[in-house]
Amino acid sequence: MTMSHISGASSSSAPPEQRDRRQVMVRLARAPGLLPLVTLVSILIVWEVSCQVFAIPSFVLPSPTRILGGFGAIPFPRWLDHIWSTLRVALIGYVVSIVIAIPTAVMLTRSEMLSRALYPILVVIQATPVVAVAPVIIVALGSGDLPRVVITFLITFFPLVVSTTTGLLATPPELIELSRSLRAPAIREMTQIRLPFAIPYVFSALKISITLAVIGAVVAEFVAADKGIGYYIQFSTSMFQVQQAWAGLVVLVAISLALFQLVAAAQRIWFPWSIPSERS
Amino acid sequence: MGKAAQSAIRFSNVGQVFRTQSGTLEALRGVDLTIERHEFVAVLGPSGCGKSTLLRLTAGLLTPTSGKVEVFGLSVAEPRDDIGIVFQKPTLLPWASAEDNVVFPLRHKAGRVNAGDREKARQILARMGLAGFEKRLPSELSGGMQQRVGIARALFMDPDILLMDEPFSALDALTRDEMGFELLHIWEARPKTVMFITHSISEAVLLADRVLVMSERPGRIIENLTIDLPRPRGFETTNNKVMHDYVSHLRSLLLKRAA
């Protein structure tokens with residue numbers, strides 16, 4: 001409040017033409033998505049021009065227009081096939097991870113013994129590079145979706161458990177006292193107080209994990225697959241069709257962004273109160 | 001024996017020792033106090049003197065290391081249904097409307113609430129000056145309004161005893177006085193036994209029938225001052241000569257201890 005008064009006073013004391021320019025800049029800065037779009041288009045133009053002017057070989061860095069051409073290398077239904085393959089593994093792994101992680105977090109906060117027993121194992125799982133274990137898992141579990149889902153699960157599980165546990169423990173102690181003073185059943189302390197209070201933490205982890213899930217699915221495809229965007233990228237590079245690999249990369253980024261936005265939208269729609277407001 | 005015949009709250013030689021990682025911490029030593037039914041008692045003391053421990057012992061959230069805590073003649077073994085607690089911070093459920101926050105104790109204890117309960121919650125909110133704000137989320141209410149909802153939540157189960165742990169200390173001075181008088185208004189209309197923890201001398205004198213002063217840790221009761229000011233009290237009470245005498249007496253007592 002005070003701050004805006006001060007800045008308001010200083011801008012009105014500036015010369016009028018400078019003030020106008022500043023107002024235009026402010027309006028531009030506030031238009032949602034406009035500035036990032038300007039940045040993106042600028043980068044694309046510089047990229048394209050550099051590729052042409054310096055004659056960069058396309059296996060080093062294909063120009064944006066060549067990448068666009070890369071999309072045409074396979075027919076659209078084939079694209080959908082690859083996308084669906086990656087998306088399916090990522091989503092199944094993600095959902096399995098959520099279904100196991102949240103009850104695990106609840107158990108970890110309920111029992112200190114269990115927490116001490118399980119936590120080191122969780123850290124070991126997280127410390128093991130999934131990329132390195134992936135081949136082992138594929139050998140052990142064979143081809144098909146199962147090993148790929150397991151790899152996705154392993155990469156998304158830890159952030160979910162840790163964040164949910166933190167959230168469950170972040171409940172204001174007064175509300176736990178209120179619950180105890182009411183002699184309410186312990187299950188309701190969990191469902192009516194602790195779990196809802198953990199929602200902001202859970203969603204932070206859900207947002208991180210959804211992008212990790214895509215990474216997990218791609219890593220699994222790198223090791224062994226005959227379908228999927230990860231497979232397609234690897235296949236294209238081995239054929240020196242770098243612009244096709246780039247096209248696959250663009251699709252992956254689009255998938256990741258779309259999934260991330262879906263999770264963010266779910267939070268906005270169902271748990272609007274859990275999004276920190278800009279007021280401090 | 002009926003409730004009327006007994007003291008609402010009685011501490012007999014209560015001591016409380018907490019075990020912490022760095023050793024033991026003696027919060028209370030030899031505390032004796034009695035609060036009569038429908039009496040408004042303020043507990044005043046320096047920070048960290050165990051005032052809140054007193055409140056948690058009464059609520060049955062803690063069991064005393066030594067001595068005895070009784071509520072209406074019965075030793076406190078577990079939390080009772082006839083006690084409402086107001087905390088320093090409103091600590092409302094951020095996802096629930098004001099009305100849902102007020103009915104929360106019942107929903108939490110019994111698992112469900114009916115239309116009559118909601119009507120009762122709306123009445124309490126209206127009494128707290130929050131008519132029209134029933135559907136607002138806590139984030140849409142001011143600090144003072146949030147604490148009003150906190151008080152309404154404590155009143156919802158219609159407790160005999162209201163325990164208040166520095167309930168107005170997070171509010172600005174003006175809102176704080178206003179809330180104090182509103183609390184008195186509600187208390188005079190529907191008398192309850194109030195244990196009001198505070199570190200504000202003037203607030204203690206202005207609101208209470210009696211002020212208990214605690215020493216620094218380990219906390220003991222070092223003064224039991226009956227406040228003989230006419231009721232109902234309001235802003236004009238703050239100009240009362242007698243009130244200033246009480247305030248300066250308590251201040252010199254606390255300053256002497258601190259020196």
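What share of the accessible surface of chain A belongs to carbon and sulfur atoms? Here are some notes on that and a few other points, bearing in mind that this is a predicted model.

1. Surface. The answer to the opening question is 72%, out of an accessible surface of about 16000 Å² for chain A. As for the interior, 38% of the 280 residues of chain A count as buried.

2. Secondary structure. Chain A is built from 12 helices and has zero strands. Reading along the sequence therefore gives you an unbroken pattern, α-α-α-α-α-α-α-α-α-α-α-α.

3. Overall shape. The radius of gyration of chain A is 25 Å, whereas a compact globule of 280 residues would have one near 19 Å. Have a look at the C-alpha trace along its principal axes too: the spans are about 75 × 70 × 30 Å.

4. Contacts within the chain. Taking the contacts in chain A with a separation of 6 or more, 72% are between residues 24 or more positions apart.

5. Charges. Chain A carries 19 positive and 12 negative charges, and the mean positions of these two sets lie 4 Å apart.

6. The interface with chain B. Here 20 residues of chain A are in contact with 25 residues of chain B. Between them the two chains bury about 2200 Å², and carbon and sulfur atoms hold 60% of that area. On the chain B side, the residues that lose the most area to chain A are B:Leu61, B:Trp95 and B:His108, which together make up 32% of what that side buries. These three would be a good place to begin when you look at the interface on screen.

Technical notes
Residues numbered from 1 in each chain as written. Chains lettered and ligands numbered in written order. Predicted model: local features only at pLDDT ≥ 70, side-chain atom pairs only at ≥ 80, totals over all residues. Heavy atoms only, no water. Helix = DSSP H or I, 4+ residues; strand = E, 2+ residues; numbered from the N terminus. Rg over C-alpha atoms; globule rule 2.2 N^0.38 Å. Buried < 20%, exposed > 50% of the residue type's maximum accessible area, 1.4 Å probe, protein only. Contact = heavy atoms within 4.5 Å. Areas by Shrake-Rupley, 256 points an atom, 1.4 Å probe, with all protein chains shown as cover. Lys, Arg positive; Asp, Glu negative; His and termini not counted. Charge placed at Lys NZ, Arg CZ, Asp CG, Glu CD. Buried area = accessible area lost by both parts, 1.4 Å probe.
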